[in-house]
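The following exercises concern the structure displayed below. Each task is followed by a solution that proceeds step by step.

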Amino acid sequence: MESQKRQGTDHTAAKKIAEGLQLGAYVLKADFDDDDEFFKEIAMKELRETPEVVEQALKDIKEMLKGEPDLLLPDGDEIYQKFLRPCKWYPKSAFELMKRFYKYKQNNPRYCDKLLPSTEKKVLSSGIVIPLPERNASGCRIVVVNCGKQWNTKLISVDEIYRAVMLSLFAAIAEPKSQEKMRNRIHFHGTNRESLIAYTGAKATPVEFGGNMELPDEPLGPKIAEYFCHFEKDFE
């Protein structure tokens, strides 16, 4: 009975993930499809991503891991790809990134311990951290962090916001299209809306920030928190 119940729950979650989350005229949807020709071309040009390079990089990083018995991490090509893609499939660089990442998680339990949608449901429901449904012209995910009047400091701590941002980033990194090199891709715009739109594009930017995206005039946090919870198993 328990197995049947779990299978039913998994099926429901998979269905909800596939359908996405309706936000007015937009749909926020996790995208795990890496067969898009547009993104394939970007990956090949910017990340050296070809079947031959991928195969060799996976082989090399697995060999490197054999020499690090104390580095305990989930096994599987999908895990390794999350580190190889941002490093342009250079296994040595990806291996060093992997070690830094897991060392950070080990040394910072206040930010990383039990980092799950269910444990961060309060801050996700608050609407402070909002992943937008549209990507920019380059295919990048955009996450809005509302640390102004939206933030009730008596209810939500800085640590909770940081954890919610990390959770959103981990969710984005799980998508092949979002596993890109980060260097030179973080920009600070201040109040310069034109500078912001130049990077995000008007289509993918909410009206309140000078764009054309008209999101519903209602709290989005609770819906987003619920949608994130469908991915609980992926964060475990």
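**Exercise 1.** Determine whether lysine 114 is buried or exposed, and state in which loop lysine 114 lies.

*Solution.* In this predicted model, the relative accessible area of lysine 114 is 61%. The cut-off for an exposed residue is over 50%, so lysine 114 is exposed. Lysine 114 belongs to the loop that connects helix 6 (109-112) with helix 7 (121-125). As a final step, consider the backbone: lysine 114 is not a glycine, yet its phi is positive, about 50°. Most residues other than glycine have a negative phi.

**Exercise 2.** Carry out the corresponding analysis for tryptophan 89: where is its place in the chain, and is it buried or exposed?

*Solution.* Tryptophan 89 is found in the loop between helix 4 and helix 5. Its relative accessible area is 1%. Buried means under 20%, so tryptophan 89 is buried. Tryptophan 89 likewise is not a glycine but has a positive phi, of about 65°.

**Exercise 3.** Identify the buried residues of helix 4 and establish how they are arranged about the helix axis.

*Solution.* Helix 4 spans residues 77-84, and its buried residues are Ile79, Tyr80, Phe83 and Leu84. Viewed down the axis of helix 4, these buried residues fall within an arc of 135°, so they line one face of the helix. The next step is to find what they pack against: the partners of the buried residues of helix 4 are helix 3 (51-66) and helix 5 (91-107).

**Exercise 4.** Repeat the procedure for helix 2 and describe the residue that follows this helix.

*Solution.* In helix 2 (residues 37-47), Phe39, Ile42, Ala43 and Leu47 are buried. These residues cover an arc of only 100° around the axis and therefore lie on the same side of helix 2. On the other side of helix 2, the exposed residues are Glu37 and Lys45. Arginine 48 follows helix 2 and has a positive phi, near 60°.

**Exercise 5.** For valine 27, state the accessibility class and list the residues that it touches, leaving out those up to four places away in sequence.

*Solution.* Valine 27 is located in strand 2 (residues 26-28). With a relative accessible area of 33%, valine 27 is partly exposed. Under the stated exclusion, valine 27 touches Glu19, Gly20, Leu21, Gln22 and Pro133. The C-alpha atoms of valine 27 and glutamate 134 are 8.0 Å from each other, although the two residues are 107 residues apart along the chain.

**Exercise 6.** What is the separation between the C-alpha atoms of aspartate 217 and leucine 23?

*Solution.* Aspartate 217 is first placed in the loop between helix 9 (193-200) and helix 10 (221-229). Its relative accessibility is 83%, so aspartate 217 counts as exposed. Along the chain, aspartate 217 and leucine 23 are 194 residues apart, while their C-alpha atoms are separated by 10.0 Å. For the protein chain as a whole, 67% of the contacts between residues at least 6 apart in sequence join residues at least 24 apart.

**Exercise 7.** Characterise the second largest pocket by its volume and by its lining.

*Solution.* The volume of the second largest pocket is about 520 Å³. Its lining consists of 22 residues, and those nearest its centre are Asn146, Gln150, Glu208, Glu218 and Leu220. Sorted by class, the lining comprises twelve nonpolar, six polar and four charged residues.

Terms used: Residues are numbered from 1 along each chain as its sequence is written. This is a predicted model: local features need pLDDT of at least 70, side-chain atom pairs count only at pLDDT 80 or more; totals for chains, interfaces and linings use all residues. Side-chain values use heavy atoms; hydrogens and water are left out. Contact means heavy atoms within 4.5 Å. On a 1 Å grid over the protein atoms alone, a cavity is a set of points where a 1.4 Å probe fits but cannot get out, and a pocket is an open set with protein on both sides within 12 Å along at least five of seven lines; lining residues have an atom within 4 Å of a point. Grid points are joined across faces, edges and corners, and a volume is the space filled by probe spheres set on the points. Ala, Val, Leu, Ile, Met, Phe, Trp, Tyr, Cys and Pro count as nonpolar, Asp, Glu, Lys and Arg as charged, and the others, Gly among them, as polar. Buried means under 20% relative accessible area, exposed over 50%, partly exposed in between (1.4 Å probe, protein chains only). Helices (H or I, at least four residues) and strands (E, at least two) are DSSP runs, numbered from the N terminus. The arc is that of the directions from the helix axis to the C-beta atoms.
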